[in-house]
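Here is a guided walk through a protein chain, taken one stop at a time. Keep the picture open and follow along.

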Amino acid sequence: MPPQHQERQPGIEARMQPKPRYIHPDHRPSGMLDGKTILITGGDSGIGRAAAVGAAMEGAAVAFGYLDEHEDAAETKRLVEEAGGRCTVFAGDIRDAEYCRELVDRTVREFGALDGLFNNAAEQHPEESFEELKPDNLEKTFQTNIFAQFFLSQAALPHLQKRSGAIVNNASVNAYKGNPQLIDYSATKGAIVAFTRSLALATAEKGIRVNAVAPGPIWTPLIPATFPEEEVASFGNDVPMKRAGQPDEVAEAVLFLLSTRSSYITGQTIHVNGGTIVNG
């Protein structure tokens with residue numbers, strides 16, 4: 001990747017070079033989400049955008065939330081509609097429990113149902129030293145990465161139960177191998193793995209499946225928004241496949257887990273990480 005850095009979080013996909021890939025070159029739509037409604041957080045860019053466009057290609061209506069990246073969100077909406085999907089978009093902060101409930105309620109009002117939830121949005125703030133970890137960043141990271149998944153899943157469950165729906169949570173390879181500069185972020189991702197397993201057990205008899213994906217180094221706006229230029233330039237080189245992954249490579253796993261093709265899978269995590277063995 002060319003050296004680059006963005007002085008804001010969330011990052012902006014429109015400013016990235018090269019642009020992340022959101023449609024897998026080997027994806028052949030098969031209608032595996034026909035007639036379903038999928039809600040995605042952080043759907044404006046990166047993995048969220050790839051999942052939104054992929055879901056539309058597979059026949060779903062798509063709702064997505066985002067914070068304030070209006071240009072990116074408008075482009076994702078255009079791409080979803082270009083792929084043949086109906087789309088509705090909501091700006092707001094998922095750290096707010098009321099916004100999370102409204103996100104679910106407005107999706108159901110717009111499309112009449114909810115079949116799948118992809119808890120995707122996250123933030124991270126690296127620190128060279130654990131002792132320098134700022135309380136404000138610690139709180140924001142937990143609120144965005146794990147509290148919001150609780151809020152959204154609670155709001156979604158009554159609707160999903162009517163449709164035997166699915167929840168997919170975005171964890172991380174860092175939940176399994178740790179990261180000395182992202183201790184709070186890694187802790188939230190470990191919490192997501194435990195949350196996924198526990199919620200799967202709690203909802204199995206209701207016909208609701210709960211799984212996770214654990215991406216490794218994926219080329220999304222979070223990367224130039226988090227790391228200095230020289231680290232971005234070598235991003236992904238340290239995994240066995242010697243490259244960063246693309247958002248669509250994670251989205252393929254997400255679409256599978258949202259569909260009934262994964263009907264006998266719950267409480268599990270798919271590791272999309274370029275070959276890092278984590279035994280988790």
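## A walk through the chain

Let's begin with a ring that is tucked away: Phe195 is buried, with a relative accessible area of 10%. Keep in mind throughout that this is a predicted model. Phe195 has a partner, and the two rings make a good first stop.

A search of the whole structure turns up three aromatic pairs. One of them joins Phe150 and Phe195, whose centres are 4.4 Å apart with 25° between the planes, so the pair counts as stacked, the label for planes under 30 degrees apart. The two rings come from distant parts of the chain: Phe150 belongs to helix 4 (residues 135–163) and Phe195 to helix 6 (residues 183–203), 45 residues apart. What about the cover on the other ring? Phe150 has 39% relative accessibility, so it counts as partly exposed.

Now look at a second pair, made by Trp219 and Phe235. This one is tilted, at 6.4 Å centre to centre and 45° between the planes. Trp219 sits in the loop between strand 6 (209–215) and helix 7 (222–226), while Phe235 sits in the loop between helix 8 (229–233) and helix 9 (247–258), so the pair ties together parts 16 residues apart in sequence. Are these two rings buried or exposed? Both Trp219 and Phe235 are buried.

Back to helix 6, the home of Phe195. Its 21 residues should span 30 Å at 1.5 Å a residue, and the end C-alpha atoms are indeed 30 Å apart, so the two values agree. Phe195 has buried company in helix 6, including Tyr185, Ile192, Val193 and Leu199. What covers the buried residues of helix 6? The cover includes helix 4, helix 5 (174–177), strand 5, strand 6 and strand 7.

Strand 6 deserves a stop of its own. It is mostly covered, with seven of its seven residues buried. In a regular strand, side chains alternate between the two faces of the sheet. You can follow that here: Arg209, Asn211, Val213 and Pro215 point one way from strand 6, and Val210, Ala212 and Ala214 point the other way, all of them buried.

Which strands does strand 6 pair with? Strand 5 (residues 166–170) pairs with strand 6 in the parallel sense over five bridges. To find a spot on that border, look for Asn170, whose bridge partner in strand 6 is Val213. Strand 7 (residues 269–272) also runs parallel to strand 6, and four bridges join the two. Here the place to look is Ala214, which stands opposite His271 in strand 7.

Next, move to helix 9 and pick out Asp248. With a relative accessible area of 1%, Asp248 is buried. Which side chain does Asp248 meet in a polar contact of 2.5 Å? The partner is the side chain of Arg21. Leaving out residues up to four places away in sequence, Asp248 touches Arg21, Tyr22, Ile23, His24, Pro25 and Ala50. Tyr22 has another neighbour worth finding: Arg49 lies over the face of its ring, 5.9 Å from the ring centre.

Both Arg49 and Ala50 are among the buried residues of helix 1. Helix 1 (residues 46–57) has 12 residues and reaches 17 Å from its first C-alpha to its last, close to the 16 Å expected at 1.5 Å a residue. It is mostly covered, with 11 of its 12 residues buried. After helix 1 comes Gly59, which has a positive phi near 100°.

That brings us to a few backbone details. Most residues other than glycine have a negative phi, and most peptide bonds are trans. Where does this chain depart from those habits? A cis peptide bond joins Gln17 and Pro18, with omega about -5°, and Pro18 is found in the segment before strand 1 (37–41). Ser164, in the loop between helix 4 and strand 5, has a positive phi near 50°. Lys242 has a positive phi too, about 60°, although it is not a glycine. You'll find Lys242 in the loop between helix 8 and helix 9, and it counts as exposed because its relative accessibility is 57%.

Technical notes. Residues are numbered from 1 along each chain as its sequence is written. This is a predicted model: local features need pLDDT of at least 70, side-chain atom pairs count only at pLDDT 80 or more; totals for chains, interfaces and linings use all residues. Side-chain values use heavy atoms; hydrogens and water are left out. Rings of Phe, Tyr and Trp (its six-membered ring) pair if their centres lie within 6.5 Å; planes under 30 degrees apart count as stacked, over 60 as edge-to-face and the rest as tilted. Buried means under 20% relative accessible area, exposed over 50%, partly exposed in between (1.4 Å probe, protein chains only). A charge sits over a ring if NZ of Lys or CZ of Arg is within 6 Å of the ring centre and within 35 degrees of the ring normal. Two strands pair if DSSP finds at least two bridges between them. A polar contact is a pair of N or O atoms within 3.5 Å; within protein, one must be able to donate a hydrogen and the other to accept it, and residues adjacent in sequence count only if both atoms are side-chain atoms. Contact means heavy atoms within 4.5 Å. The expected span of a helix is 1.5 Å times one less than its number of residues.
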